[in-house]
Amino acid sequence: MMSVRVRFAPSPTGNVHIGNIRAAIFNWLFARHEGGKFLLRIEDTDRERSTDEAINTLLDCMEWLGLDYDEEPIYQSRLTERHLAVAEELLAKGAAYHDNKGGDKPCVVFRMPTEGRVEYHDLVKGKMGKKAEDTTDFVIVRSDGTPVFHLANVVDDIDMGITHIIRGDDHVENTFRHIELFKALGATPPQYAHLPMIVNNQGKPYSKRDGAAFVGEFKEQGFLAQALFNYLTLLGWAPGDDREVMSRDEMVAVFTLDRCKSSAARFDMKKLTWMNGEYIRNTPRDEYAAIFSERLREAGLLSDDFPQQTLEGIIDQMQVRTRLYNEIPGNCSYFFTDNYQFDEKAVNKRLRGEGVAELLLEIAKRFEALPVFDLESTNATLVELGERRGTGLGAMVHPVRVAVSGMAEGPGLFELLVLLGRETVCRRLTRVAGEIGAI
RNA sequence: GCGCCCAUCGUCUAUCGGUUAGGACACAAGGUUUUCAUCCUUGUAAGCGGGGUUCGAUUCCCCGUGGGCGCGCCA
């Protein structure tokens, strides 16, 4: 049994599209499951776009996602002579011919069969085929003497000993051509598996206009590599049981191509975000703490003299509530500065009511008078006041939360108050009481 | 236009002829007159249409419909 060799063959343009990286992930999973090799071939024949920077971006993305490859990357641009030699071979065999429909110099065109059928068995789509008369000849060497994708792709796959080609749906038509190319070159065509496209809300291929479309953008927005990897794996594939959040080892253990779907999958940012939150909650606390602090320092909110114990308490409260690392500064700036933003809806709902200013001042006064300012005492204060006024605890809690944090969400109120400290809480309550109309 | 492919809750999916069609996201309600960006419970919600094959079709076949992809010098 020949051992599996698959490849990821991106053209380095500076951005790696999620559709492409999903194909890379599936290749990687397949190789690891089969105990085969996962190879990287950089199709850098477009010298204009294939800069060193673009190649480094590509390599960074793969490293970030943990897509380790098994042999030195192949750079297609260095193989041009080989491609052209093969074109000559095809010409000599009569499998290709010169043509100059373009007008200027002739190009080399590969001859497709004219009778019979071109068929292959797709590992995810099943039996595929079309009549030879429905196929058309195609250019393999441009009139400027450079090899075209089809030729280079097939020649390299032969030379690299590729056994399985796992790629996007949009290559199905090319497959009929490529198979004939393999045959004309006396090579056995590899096995093919075509993955469904990742589409947007309109069912069109997912592009930059639909939001983050490149791996780098997800990284920048604070998505975890593991979460993106896991989410993408579930687009067009399922383990067969009810598992969704899975470790890499689990996925490798059960990944097979026959469990891939053949219909397009819609990209759902909400589910990815949820999954990212799952991964963040499962991140070791130390690791989360480091990232948390880093993000706040970047935002200019955390200084070195911030009390460590308080910071630890904030981290405990925030880790379970973080879905995206980028949300961190915006979601808890109030812990670090008096200059926090007020959410307009929350203000309107909780602070605009009659008597709220007076209430906040009353609460501040009672907090000042407490012997100790902790969870129990602050809680008791508001419960008692709520009873005394006959309005209940809710009428106390919400205005206080919005006043001291500016938002309607966050840690439990009493945890929040204790972390902020009596001084800060009272200062804010007093200030907000005086400025309600101006907020 | 021609060719190829696809079709289960709003979304991602399970089901490989017999299920009360399951799970997850999202949404809604409750726990909670202390919030949700956490947690628990519950709920709403699906087989594109028409023919066959079969004792029985979401599942197999055909025809429609809808969508995607491709159609000689992008990759």
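Helices and strands are here DSSP runs, a helix having at least four residues and a strand at least two, and they are numbered from the N terminus. The model is a predicted one, and the exercises below are to be worked through on it.

**Exercise 1. Locate Thr391 and describe its surroundings.**

Task: In which element or loop is Thr391 found, is it buried or exposed or in between, and which residues does it contact beyond its neighbours within four places in sequence?

Solution. Begin with the assignment of elements: Thr391 is found in the loop between α15 and α16. Next, take the accessibility, for which the middle class runs between 20% and 50%; because Thr391 has a relative accessibility of 44%, it counts as partly exposed. Then turn to the contacts, where, with neighbours within four places in sequence left aside, Thr391 meets Gly386 and Met396. Finally, compare a remote position: Trp64 is 327 residues away from Thr391 in sequence, and their C-alpha atoms are 53 Å apart in space.

**Exercise 2. Decide how far α17 is enclosed.**

Task: How many of the residues of α17 are buried, which residues are they, and against which helices do they pack?

Solution. The buried residues of α17 are Leu413, Phe414, Leu416, Leu417, Leu419 and Leu420. This makes six of the eight residues of the helix, so α17 is largely enclosed by the rest of the structure. The partners in this packing are α11 (308-319), α14 (356-369), α15 (375-389), α16 and α18 (422-435). After α17 comes Gly421, which has a positive phi, near 90°.

**Exercise 3. Examine two residues in helices that pack against α17.**

Task: Where do Glu312 and Ala357 lie, and which class of accessibility does each have?

Solution. Glu312 has its place in helix α11, and because its relative accessible area is 27%, it is partly exposed. Its side chain is joined to that of Gln308 by a polar contact of 2.6 Å. Although Glu312 and Leu419 are 107 residues apart along the chain, a distance of 9.8 Å separates their C-alpha atoms.

Ala357 lies in helix α14 and, with a relative accessible area of 25%, is partly exposed. Not counting residues up to four places away in sequence, Ala357 touches Ala433 and Ile436. The C-alpha atoms of Ala357 and Leu429 are separated by 8.6 Å, with their positions 72 residues apart along the chain.

**Exercise 4. Describe the nonpolar cores.**

Task: How many residues does the largest nonpolar core have, and which helix gives the largest share of it?

Solution. In soluble globular proteins, nonpolar side chains tend to be buried together. Here the largest nonpolar core has 108 residues, and those with the most contacts inside it are Leu67, Phe267, Phe292, Phe336, Leu360, Phe367 and Leu429. Helix α1 (residues 18-34) gives the largest share of this core, 10 residues. Apart from this core lies another, of 30 residues, including Leu39, Val118, Tyr120 and Leu185. To look at one member of the 108-residue core, take Phe336, whose contacts beyond four places in sequence are Phe292, Leu296, Leu301, Leu302, Phe306, Leu311 and Ile314.

**Exercise 5. Characterise the surface near RNA strand B.**

Task: What is the make-up by class of the surface near RNA strand B, which residues come nearest to the strand, and which helix supplies the largest share?

Solution. There are 64 residues around RNA strand B, of which Lys101, Val109, Lys204, Gly394 and Phe414 come nearest. Of the strand's atoms that come within 4 Å of the protein, sugar and phosphate account for 66%. By class, this surface has 21 nonpolar, 19 polar and 24 charged residues. The elements that each supply at least two of its residues include β5 (107-110), α4 (149-159), α16 (394-405) and α17 (413-420), while the largest share, five residues, comes from α9.

The last step is to inspect individual atoms. A polar side-chain atom of Arg142 lies 2.5 Å from a phosphate oxygen of RNA strand B. Base nitrogens are approached by Asn331, with a polar side-chain atom at 3.0 Å, and by Arg401, with a side-chain N or O atom at 3.3 Å.

Technical notes
Residues numbered from 1 in each chain as written. Chains lettered and ligands numbered in written order. Predicted model: local features only at pLDDT ≥ 70, side-chain atom pairs only at ≥ 80, totals over all residues. Heavy atoms only, no water. Core = buried A, V, L, I, M, F, W, Y, C linked by side-chain atoms within 4.5 Å. Buried < 20%, exposed > 50% of the residue type's maximum accessible area, 1.4 Å probe, protein only. Contact = heavy atoms within 4.5 Å. Near = heavy atom within 4 Å. Polar contact = N/O pair within 3.5 Å; in protein donor to acceptor, adjacent residues only side chain to side chain. Nonpolar A, V, L, I, M, F, W, Y, C, P; charged D, E, K, R; others polar.
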